[in-house]
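Biologist: I should like to request a close look at a single part of this protein, set in the context of the whole chain. Please take the part I name below as the starting point and connect it to its surroundings.

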Amino acid sequence: MNKIYPSAAKALEGIVKDGQLLAVGGFGLCGIPEALIDALKDSGAKNLTAISNNAGVDGFGLGKLLETRQIKKMISSYVGENKEFERQYLASELELEFTPQGTLAEKLRAGGAGIPAFFTKTGVGTIVAEGKELREFDGETYVMERALVPDVALVKAHRADKSGNLQFRFTARNFNPAVAMAGKITVVEVEEIVETGEIAPDQVHLPGIYVHRIVLNATPEKRIEKRTITEKGGV
């Protein structure tokens, strides 16, 4: 089975449509699938619900889809770096399901593992727990959280072989493996594609069974979210 597609647009062809639940890997701008996000924007798909730790920044990452109003709802744990995200939410133009960061990661991991729900102490006694089932275990109260299983998952990895086995690079791994496992269809953007077998088995971070489509983006922009430098002689 050939998993390699000639472009990001071709990799999304036939699988992206209006009203879908999508998950997008990355943390801030680190490890985001830049080419796939651009292709999603160009697809014109609208009324999307996007699962992502955040929405990038204004004009980059998922921020592009907020500007075109293709996203109707975000399931996220952080808003702060995107002024348009904040503006739309405060103006009631965008639905937002705030989710604690660890809970968001576990919702995706559980979805990928076939676990429909789990109990956590995080959020008990706050608005996070409103309308959800509470249960007591060993004298402590826990809230039940449902797993997330997106229709399409968009992922960034450093390297893939032709079978879809993936390697991630340092902190760019972040949410990407959990997003990849959770998706019903997973599309991965990589910087390098090698022959099957060239990645040593113990160096495979995610097996190819989770990967349906691969697209090469050998020269991503990799924009830095906040550049911090130290002046000469500074502390």
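Is Tyr-142 buried, partly exposed or exposed, and what is its relative accessibility?

Modeller: The model is a predicted one, and the values below are computed from it. Tyr-142 counts as partly exposed, because its relative accessibility is 21%, and the cut-off for a buried residue is under 20%.

The ring of Tyr-142 is best described together with its aromatic partners. A search of the whole structure gives three aromatic pairs. In one of them, the ring centres of Tyr-89 and Phe-98 are 6.2 Å apart and the planes meet at 75 degrees, so this pair is edge-to-face. Another pair joins Phe-137 and Tyr-142: their ring centres lie 5.5 Å apart with the planes at 80 degrees, so this pair is edge-to-face as well. The assignment follows because planes over 60 degrees apart count as edge-to-face. Phe-137, the partner of Tyr-142, is partly exposed, with a relative accessible area of 32%. Phe-119 joins Phe-137 and Tyr-142 in one aromatic cluster.

The rings of the pair described first can be placed on the same scale. Tyr-89 has a relative accessible area of 34% and is partly exposed. Phe-98 is also partly exposed, at 43% relative accessibility.

The loop between strand S6 (117-120) and strand S7 (134-137) holds Val-128. Val-128 is buried, with a relative accessible area of 18%, a value that falls in this class because buried means under 20%. Apart from neighbours within four places in sequence, Val-128 is in contact with Pro-100, Gly-123 and Glu-145. Val-128 and Lys-184 are separated by 56 residues in sequence, and their C-alpha atoms are 26 Å apart in space.

A further buried position is Ala-182, in helix H6 (residues 176-182). Its relative accessible area is 3%. When residues up to four places away in sequence are not counted, Ala-182 touches Leu-108, Gly-111, Gly-112, Leu-148, Val-149 and Pro-150. For Val-149 in particular, the C-alpha to C-alpha distance from Ala-182 is 5.3 Å, across 33 residues of sequence.

Helix H2 (residues 34-43) offers several buried side chains to consider: Glu-34, Leu-36, Ile-37, Ala-39 and Leu-40 are buried. An α-helix has 3.6 residues a turn, so residues three or four places apart point the same way. After H2 comes Gly-44, with a positive phi near 80 degrees.

Positive phi values also occur in residues other than glycine. Arg-69 has phi near 60 degrees and sits in the loop between helix H3 (63-67) and strand S4 (71-76). Arg-69 is partly exposed, with a relative accessible area of 44%. Ser-92 likewise has phi near 60 degrees, and its place is in the loop between helix H4 (83-90) and strand S5 (95-98). Ser-92 counts as exposed, at 69% relative accessibility.

Towards the other end of the numbering, Lys-226 lies in the segment after strand S12 (213-216). Lys-226 is exposed, with 59% relative accessibility. Lys-226 and Leu-29 are 197 residues apart in sequence, while their C-alpha atoms are 9.5 Å apart in space.

These local descriptions belong to a protein chain with six helices and 12 strands. The radius of gyration of the chain is 18 Å, close to the 18 Å given by the globule rule for 235 residues, so the chain is as compact as a globular protein of that length. Its C-alpha atoms fill a box of roughly 55 × 50 × 40 Å along the principal axes. Among contacts with a separation of 6 or more, 72% are between residues 24 or more positions apart. Buried residues make up 47% of the 235 residues.

The outer surface and the charges complete the account. The chain exposes about 11900 Å², and carbon and sulfur atoms supply 50% of that area. There are 29 positive and 31 negative side chains, and the centres of the two sets are 2 Å apart.

To return to the part requested, Tyr-142 is partly exposed at 21% relative accessibility, and Tyr-142 shares one aromatic cluster with Phe-119 and Phe-137.

Methods
Residues numbered from 1 in each chain as written. Predicted model: local features only at pLDDT ≥ 70, side-chain atom pairs only at ≥ 80, totals over all residues. Heavy atoms only, no water. Helix = DSSP H or I, 4+ residues; strand = E, 2+ residues; numbered from the N terminus. Rg over C-alpha atoms; globule rule 2.2 N^0.38 Å. Buried < 20%, exposed > 50% of the residue type's maximum accessible area, 1.4 Å probe, protein only. Contact = heavy atoms within 4.5 Å. Areas by Shrake-Rupley, 256 points an atom, 1.4 Å probe, with all protein chains shown as cover. Lys, Arg positive; Asp, Glu negative; His and termini not counted. Charge placed at Lys NZ, Arg CZ, Asp CG, Glu CD. Phe/Tyr/Trp six-rings, centres within 6.5 Å; stacked < 30°, edge-to-face > 60°.
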